[in-house]
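Colleague: I should be grateful for a close look at one part of this model. Please begin with a single side chain and then place it in its wider setting.

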Amino acid sequence: AYAIGTEVITVSPELEQSRRVEYEARVRGRLARLLGERPWRCDVRFGSPARVIAGAAAERSATMLVAGA
């Protein structure tokens, strides 16, 4: 579900899954063009940025995070 203003819009699970697959393919394609065909680890996750980043860091017992845009 997505909130736009005070409205909540629901989408089908199939549409959401196809959007995620498409987004991940675009991210991986950009990485390949920029970095070449190297064995880079690429995790694509969805959700609240703070929660997703904190969860990924906890999974890896990370002691440092580096982020940029």
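What relative accessibility does L31 have, and as what does L31 count at that value?

Modeller: L31 has a relative accessibility of 31% and therefore counts as partly exposed; buried means under 20%, exposed over 50%, and partly exposed in between (1.4 Å probe, protein chains only). The model is predicted, so that local features need pLDDT of at least 70 and side-chain atom pairs pLDDT 80 or more, whereas totals for chains, interfaces and linings use all residues. Residues are numbered from 1 along each chain as its sequence is written, and side-chain values use heavy atoms, without hydrogens and water.

The place of L31 is in helix α1, which covers residues 13–35. Helices (H or I, at least four residues) and strands (E, at least two) are DSSP runs, numbered from the N terminus. L31 also belongs to a nonpolar surface patch, which it makes together with L34, L35 and W40. The patch amounts to about 400 Å². Patch members have over 30% relative accessible area and no salt bridge; like charges are joined within 9 Å, and nonpolar side chains (Val, Leu, Ile, Met, Phe, Trp, Tyr) within 5 Å.

The setting of this patch is a chain with two helices and two strands. Read from the N terminus, the order of the elements is β-β-α-α. Along the principal axes, the C-alpha atoms of the chain fill a box of roughly 40 × 30 × 20 Å. Of the 69 residues, 6% count as buried. The accessible surface of the chain is about 6,300 Å², and 57% of that surface belongs to carbon and sulfur atoms. Such areas come from the Shrake-Rupley method with a 1.4 Å probe, and for residues only the protein chains shown count as cover.

Charged contacts complete the picture of helix α1. The structure holds five salt bridges, each being a side-chain nitrogen of Lys or Arg within 4 Å of a carboxyl oxygen of Asp or Glu. In one of them the side chains of R19 and E16 meet, with an N to O distance of 3.8 Å. Both R19 and E16 lie in helix α1, where three residues, about one turn of the helix, separate their positions. R19 counts as partly exposed because its relative accessibility is 43%. E16, by contrast, has a relative accessibility of 19% and so counts as buried.

E16 has a further partner in R20, and in that salt bridge the closest N and O atoms are 3.5 Å apart. R20 and E16 are four residues apart in helix α1, so about one helical turn separates them. R20 is partly exposed because its relative accessible area is 32%.

A further salt bridge joins D43 and R60, whose closest N and O atoms are 2.1 Å apart. This pair links distant parts of the chain: D43 lies in the loop between α1 and α2 (49–59), R60 lies in the segment after α2, and the two are 17 residues apart. D43 counts as partly exposed, since its relative accessibility is 42%. R60, at 36% relative accessibility, also counts as partly exposed. As for the network of contacts, salt bridges that share partners join E16, R19 and R20 into one.

Another member of helix α1 is Q17. Q17 counts as partly exposed because its relative accessibility is 46%. From Q17 to A50 the C-alpha to C-alpha distance is 22 Å, with the two positions 33 residues apart in sequence.

The C-terminal side of the chain may be described in similar terms. E59 has its place in helix α2, and E59 is exposed because its relative accessible area is 56%. E59 and I9 are 50 residues apart in sequence, while their C-alpha atoms are 32 Å apart in space. S61 lies in the segment after α2, as does R60. The phi angle of S61 is near 50 degrees, which is a positive value in a residue other than glycine. S61 is exposed because its relative accessible area is 59%.

To return to the part you asked about: L31 is a partly exposed residue of helix α1, and L31 shares its nonpolar surface patch with L34, L35 and W40. The same helix, residues 13–35, also carries R19 and E16.
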